[in-house]
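Here is a short report on strands, cavities and pockets. Please keep the sequence and the 3D view open while reading.

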Amino acid sequence: MRGTKALASPLLWVGLLFAALLLRMEALRPFFHWAFPGVEPVVYDRASFPELFLAHLRLVATASLAAALVGVSLAVFVTRPAGRDFRTMVDLLAGVGQTFPPVAVLAIAVPLIGFGAWPTVVALFLYGLLPIIENAIAGLEGVPQAVREAADGMGLTPWQRLRTVELPLAAPLILAGIRVSVTIAIGTATIGSTVGALTLGTPIFDGLVANKLPFVIEGAVLVALFAILTDMLFGRLDRWLRRSMPG
Amino acid sequence: MIALDHVTKRYDGRAVVDDLSFDIPAGAFCVLLGTSGCGKSTTLRLINRLIEADAGTIRVGGEDVTQLPPEALRRRIGYAIQSTGLFPHWTVADNIATVPRLLKWPAARVGARVDELLELLRLDPAAYRGKYPHQLSGGEQQRAGVARALAADPELLLMDEPFAAVDPITRDALQGELAHIHRSTKKTVVFVTHDIDEALRLATMIAVMNDGRIAQLATPLDLLERPANAFVSDFVGRHGLGLKLLSVRKVADRLRPVGQCAGDSAEGEPLAPETSLRDALSAMTQRHTDRLPVADAEGRALGVITLSDLVR
């Protein structure tokens, strides 16, 4: 019973497909030869796919972790009495970060910090802040007034109230913001390859430049599966969080 | 127990609590009674410093509340509110254990106390300990809220319209239990309500408030018999005044003790001495009789009460 349930999980199959393509893309060589006759090589070989994936993962993880820490901290700050006045400013800044195209951030960042991974991290960080801040503020403000008053009335310190009452109650919404942010970042990170960052976007841009469609397809499919898989994992995390915390 | 001395709180220049001075003795059940906006809830929150006073001093047990850290003060004072404010992500047991855990009680003592309180509030510990607030009815949530307020055995209990949102039958039961808890624990209670009948039933002293001031501070009986001014007599209401008077007097005040009049005896289920005369009247009407026996909790006959005793 338990075995069939695990087999029926889409997460398992998407994960297996992603791992198989990542490690054994060469196995599809006959298919690509048949579909794109005359193109050689048909499988991207300037870097290994696992190596590209790990670099991509590091970029996204660094940027998203920073965005989550800064975003949640800012949301906590502007929902405290001391930070209430900064609410409008933080909303505005996060909004600008979201509206500013990541490509433009890259263009500005490269002359300032040079080529490589860092301009991409900066761009992803700025781009990913808004959904995290907005969701965290909504989550923290969604804690019922009576619950906050009761927490104060019981004698919880402001820090205890935040840690044991407000953050746990806001957690599902905070997680939803991080989920959106990370999923967007996985797709957006590919453009980092235009400024020298190693990502799963590298085969896509190399393929476009050298007019080798198989490279483009290989990179695009892996990025898409990576994003889908991550989203599914967040879905699991969300269900676990809601189960462990009813009400 | 509580002493307010020239306490004032202003919002936007308007005094919501206006130069208020009064004492609440230890063991009293003090009801702050008034319409919405009269300053009764503000007064309550000034006591545990959820709101800070602009002027004047408040003493709890002789100590100026501003001399204590607010968290330390609040952990010594029970607090229950209308919408309960139970933490939705914690079980009933965890909610009740909030203050004992803040006070770092050992786990075994916390667990025993939680069960004791669940029983006191008539919630079966085995069934309710692990439930979450959203699985409880409104009345059960209020019981859990009151249990949480009582958890660390505070000498002082502040309650802000705790029963205003529950149905009349549940409210009646909860009032009865609160009265019982007050009688058996001798805690000082400050209770905010706009419901005159609730005030008359529970209070040992009532402070009728109007525009941030006390219109009258009196026992329930004095309030009904000798309203200090037109505002109080309007608020108390002339309609049904006789029944209200019956509701603040007890059977014990009017009963004919055993042996005093040889001919007096009565049949039927006896009344308890702390039954209100109003309930006694109701019981007589229901049972088609003009006299009822009175007995204490152990079943010892105390005497008899008759219809004419009620209106004496």
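The sections below treat a predicted model.

## An enclosed strand in chain B

Start with strand β8 of chain B, residues 188-193. Six of its six residues are buried, so β8(B) is largely enclosed by the rest of the structure. In a regular strand, side chains alternate between the two faces of the sheet. Both faces of β8(B) are covered. T188(B), V190(B) and V192(B) are buried on one side. V189(B), F191(B) and T193(B) are buried on the other.

Strand β8(B) has parallel pairings with β3(B) and with β7(B). Strand β3(B) spans residues 29-33 and pairs over five bridges. Strand β7(B) spans residues 156-160 and is also joined to β8(B) by five bridges. F191(B) is a useful landmark here: V31(B) stands opposite F191(B), and so does M159(B).

## A three-stranded open sheet

Chain B also holds an open sheet of three strands, in the order β11-β13-β12. Its pairing is antiparallel. The edge strands are β11(B), residues 256-257, and β12(B), residues 291-295; each pairs on one side only.

Five bridges join β12(B) to β13(B), which covers residues 301-306. Within this pairing, P293(B) has V304(B) as its bridge partner. Helix α14(B), residues 277-287, lies across β12(B) and β13(B). The helix runs at about 130° to β12(B).

## Cavities

The structure has three cavities of 30 Å³ or more. The largest has a volume of about 50 Å³. Both chains contribute to its lining: G153(A) and M154(A) appear alongside residues of chain B, including R74(B), Y79(B) and R148(B). Helix α8(A), together with α2(B), β6(B) and α7(B), each supply at least two lining residues. Strand β6(B) gives the most, with three. The lining has seven nonpolar, two polar and three charged residues.

The second largest cavity has a volume of about 40 Å³. Its lining consists of Q98(A), L124(A), Y127(A), G128(A), P131(A), S181(A), I184(A) and A185(A). Helices α7(A) and α9(A) give two or more residues to this lining. The largest share, four residues, comes from α7(A). Five lining residues are nonpolar, three are polar and none is charged.

## Pockets

The largest pocket holds about 950 Å³ of space. It is lined by 28 residues. Which of them lie nearest its centre? They are R201(B), S247(B), K250(B), E274(B) and S276(B). The elements giving two or more residues are α8, α9, α10, α12 and α14 of chain B. Of these, α8(B), residues 168-185, gives the largest share, eight residues. By class, the lining divides into nine nonpolar, eight polar and eleven charged residues. Helix α14(B) thus links two parts of this report: it is among the lining elements here, and it lies across β12(B) and β13(B).

The second largest pocket has a volume of about 430 Å³. Its lining has 18 residues, of which P81(A), Q145(A), R148(A), D152(A) and R161(A) lie nearest the centre. Helices α8(A), α9(A) and α2(B) each give two or more residues. Helix α8(A) gives the most, with four. The lining comprises five nonpolar, two polar and eleven charged residues.

Helices α8(A) and α2(B) recur: both contribute to the lining of the largest cavity and to that of the second largest pocket.

Note on methods: Residues are numbered from 1 along each chain as its sequence is written. Chains are lettered from A and ligands numbered from 1 in the order in which they are written. This is a predicted model: local features need pLDDT of at least 70, side-chain atom pairs count only at pLDDT 80 or more; totals for chains, interfaces and linings use all residues. Side-chain values use heavy atoms; hydrogens and water are left out. Two strands pair if DSSP finds at least two bridges between them. Contact means heavy atoms within 4.5 Å. Axes are lines fitted to C-alpha atoms, for helices over the stretch in contact, and angles run from 0 to 180 degrees between N-to-C directions. On a 1 Å grid over the protein atoms alone, a cavity is a set of points where a 1.4 Å probe fits but cannot get out, and a pocket is an open set with protein on both sides within 12 Å along at least five of seven lines; lining residues have an atom within 4 Å of a point. Grid points are joined across faces, edges and corners, and a volume is the space filled by probe spheres set on the points. Ala, Val, Leu, Ile, Met, Phe, Trp, Tyr, Cys and Pro count as nonpolar, Asp, Glu, Lys and Arg as charged, and the others, Gly among them, as polar. Buried means under 20% relative accessible area, exposed over 50%, partly exposed in between (1.4 Å probe, protein chains only).
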